[in-house]
Structures are given as structure tokens and as C-alpha cells.
Amino acid sequence: MSTTFTATDHLLMARALRLAERGAYTTKPNPMVGCVIAQGDEIVGEGFHQRAGEAHAEVIALQTAGARAKGATVYVSLEPCAHTGRTGPCADALIAAGVARVIAAMRDPFPQVDGVGFDKLRAAGIVVEWGLMEAQARQLNRGFLSRVERGRPWVRIKLGTSLDGRTAMASGESKWITGEASRLDVQKWRARAGALITGANTVLIDDPSLTVRLGDDTPFVAPLRVVLDPGLATVARGKVRDDSAPTLYIHAPDVKPPRDLHVERATVPVQGGYFDLEAVLKLLAARGINEVQVETGATLAGAFVAAGLADELLLYVAPVLLGERARPLFSGLGIDAMAQRAQLKVVDARAIGEDQRLLLVPVRAESP
């Protein structure tokens, strides 16, 4: 890893990272990757990975650079792959193009890559350096890294709340606490998720569609809708049954589904009426899910937090009061003393219409 990067190096890597982010809605389950090819400080080619199974960022950048790639420096947000999957090895393409130097933001921990791409480039006489803007690159692909390094997706819990920390009336009524701008903003977060998790009670009470509605022609891959329903109480009802997005029902192993049930389902152990949430996440990781967004009530949201499985909280705070009889943000945390309080860090705060949007991470959590 090198630490002697120039101002130009930083500028062009920042460009590669911005390019990578353009694939946020479409690259899953692959990581987001951007690439810039430059002769000195002149960009001669660039590209980003758009969709799994299609050309990688380096290949697109080489195509735009053409013959000017020879002797150039390549800035890429992730180590070039060195194996053949649905596309050929990017390391081989860079070698064939005759580039002189490759600067990567980070190594790729995926077992079939993990340093092999760098080794192949060095063996061909190409100068390889990495570590430039690594923190930003890891943050960008936190879902992919969580799945590869921890064996589970990155978990984001989305909640709309009043100023007094209430998410629904005592009856369960929750439409609408936040404003239209917040509801539109949520769609962008849904679009980058690989799966949207909800619980049976939320389906029965709110009947959410759990689909992405961006309101324009922006391409996206529809996230998997996951309903945690121990007794399969919701399989005969609800908008989640429509064909606008795939749906997976997760239920208890001892439940016998109806014979005429034509839905995708899986079983996960249930103890004391509650799912083994780690097992749920491992099941989703095995399906290639990088990020999950939990959209549910206080009980299930609290269960994820209490289990230490919440990596991010996406909180929309509306300037309203619902009173002490309304439902809280979380239940079941078991906090009885100030010393037990859950510490959170605000990593982003901004106004969304009349609401405030907070992105928070648990202080104790290890971010990929």
C-alpha cells in the first residue's frame, strides 16, 4: 500500500468513486466500481459497472480510451478482478491494453480476487498502488463488504417518527407521520437495497407494497420483499403478493403451508415466538443480498437492535407530536439504567421537506 499520492491522484480517484456510485441501484449483487484512465492529469477514458453480467468498469473505460490507454494510469475504486465469472478478468484486459500504473482504492476481499488481481498486474510489470480514499470506497460498498467479510448483509432500519419518538398511534395507524418529500426520499434507499424486510403485523395493519417508486426513468433492480411470518398468516392477502417485485416468505419450520400455496418461502428457527434473525440474514446473504432495509414496527425493529444486528438507522423526524399513548420507535431493548443506553453517532443530517432525515450508526458497531 502506498501513501505517496498526488493531488491529481486524489482528484481522479474521487472521480472514479463518483462514477461507481452511479451503479447503486443496478449492480447488486456485485459491488459498485468506477474507473478513470488518465495520461497525466488528462482523462482519456472512464466508466462504471452498471449491471451484473455486463462489462466491468475497467473494460468500459478501456473501450473509451482506446489506444490512449497504453502507458496510462488507471484509477479504480476496487481491485481489478483476476478470475472468469460472467465476464472475463479485468486484470488481463488492463495488461493487454499496456497500461503503466494501476491505483486502486482498496483490495477486493472476495475470495476469488483478494490480492490475486494485484499480483497478476505486478507480474506483468505494471506498477500497482492501493489505499487511496479507501475509507470512502469501503463506505460506498458497505453492503457487499458486509456480505463477503461478515457473512451477512448490511442492515439498515428505516423509521418515520414524531418529535416525541412515536411511530404509530396505539391502534397501529401510521399514515402519514412524515411528509411526501420524505416518502419520495425513502424510494432511493429502497432502490439500493437488495431486500426489504417487514413483519407479519406490518403487512396485516399497513398493507405496504414494499416496491420502488422513483417517479422517473432511473433504472433499478427491484429488491426482494421479505416477510417474516412465523405462522404464514399473511400469505393469502396483501400488496406484497402482487407481481411487481419478488417476495419471499420466511416462516417457522413446523408450520405446514397450504397445499395450493404458490409463493417462494423458506424456514428459519423460531425461539420463544421470535425468529433467529442472524439465521435470516445468513439465508439472505446466501442469495447474494448485500443490503437489507428493514421497514417494520417497534417490535421487529427493536429485535434487530437488541441483537446487535442494526448497522444503520435511517430516521425521518416529522415536526409533530403523537403523545404518550402512541407506539415507540423500538420495543424490547431491555434498557433499565443510563449505563445501558445505546450510543449512536449521527453520520448525516439534512432537511427533507418539512422533516429532518438522520442517518445514524451504533457507536459499538464495526463498519466494513
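The paragraphs below lead through a predicted model, taking in turn a sheet, two helices and a pocket.

A convenient starting point is the open sheet, in which five strands follow the order S2-S1-S3-S4-S5 with mixed pairing. Its edges are formed by strand S2 (42–48) and strand S5 (127–130), each of which pairs on one side only, and neighbouring strands of this sheet are turned against each other by 15 degrees on average, when direction is ignored. Within the sheet, strand S3 (residues 73–76) runs beside strand S4 (residues 101–104), and the two pair in the parallel sense over four bridges; Val76, for instance, has Ala104 in S4 as its bridge partner. Helix H4 (residues 116–123) packs on this sheet, where it touches S4 and S5, and the direction of H4 makes about 150 degrees with that of S5.

Further along the chain comes helix H6 (residues 142–150), whose buried residues are Arg142, Gly143, Phe144, Leu145, Ser146 and Arg147. The cover over these buried residues includes helices H5 (134–140), H7 and H9, together with strands S6, S14 and S15 (312–317). Just after H6, Gly151 takes a positive phi of about 75 degrees.

Helix H10 (residues 298–306) can be read in the same manner, with Ala298, Leu300, Ala301, Gly302, Phe304 and Val305 as its buried residues. Among the elements that cover them are strand S6 (154–161), strand S8 (195–199), strand S9 (224–228) and helix H9 (277–286), as well as strand S14 (291–294) and strand S16 (327–328). Just after H10 there is again a glycine to notice, Gly308, which takes a positive phi of about 70 degrees.

H10 also leads to the largest pocket, since H10 is one of the elements that each supply at least two residues of its lining. The others are S6, strand S7 (166–168), helix H7 (180–192), helix H8 (200–206), strand S13 (274–275) and S16, and of the contributions to this lining that of H7 is the greatest, at seven residues. About 1,300 Å³ of space lies in this largest pocket, and of the 47 residues that line it, the closest to its centre are Thr202, Asp206, Glu295, Thr296 and Gly297. Sorted by class, the lining of the largest pocket has 20 nonpolar, 16 polar and eleven charged residues.

Conventions: Residues numbered from 1 in each chain as written. Predicted model: local features only at pLDDT ≥ 70, side-chain atom pairs only at ≥ 80, totals over all residues. Heavy atoms only, no water. Buried < 20%, exposed > 50% of the residue type's maximum accessible area, 1.4 Å probe, protein only. Contact = heavy atoms within 4.5 Å. 1 Å grid on protein atoms, 1.4 Å probe; cavity = no way out; pocket = protein on both sides within 12 Å on 5 of 7 lines; lining within 4 Å. Points joined across faces, edges and corners; volume = space filled by probe spheres on them. Nonpolar A, V, L, I, M, F, W, Y, C, P; charged D, E, K, R; others polar. Pairing = 2+ DSSP bridges. Axes fitted to C-alpha atoms, helices over the stretch in contact; angles between N-to-C directions.
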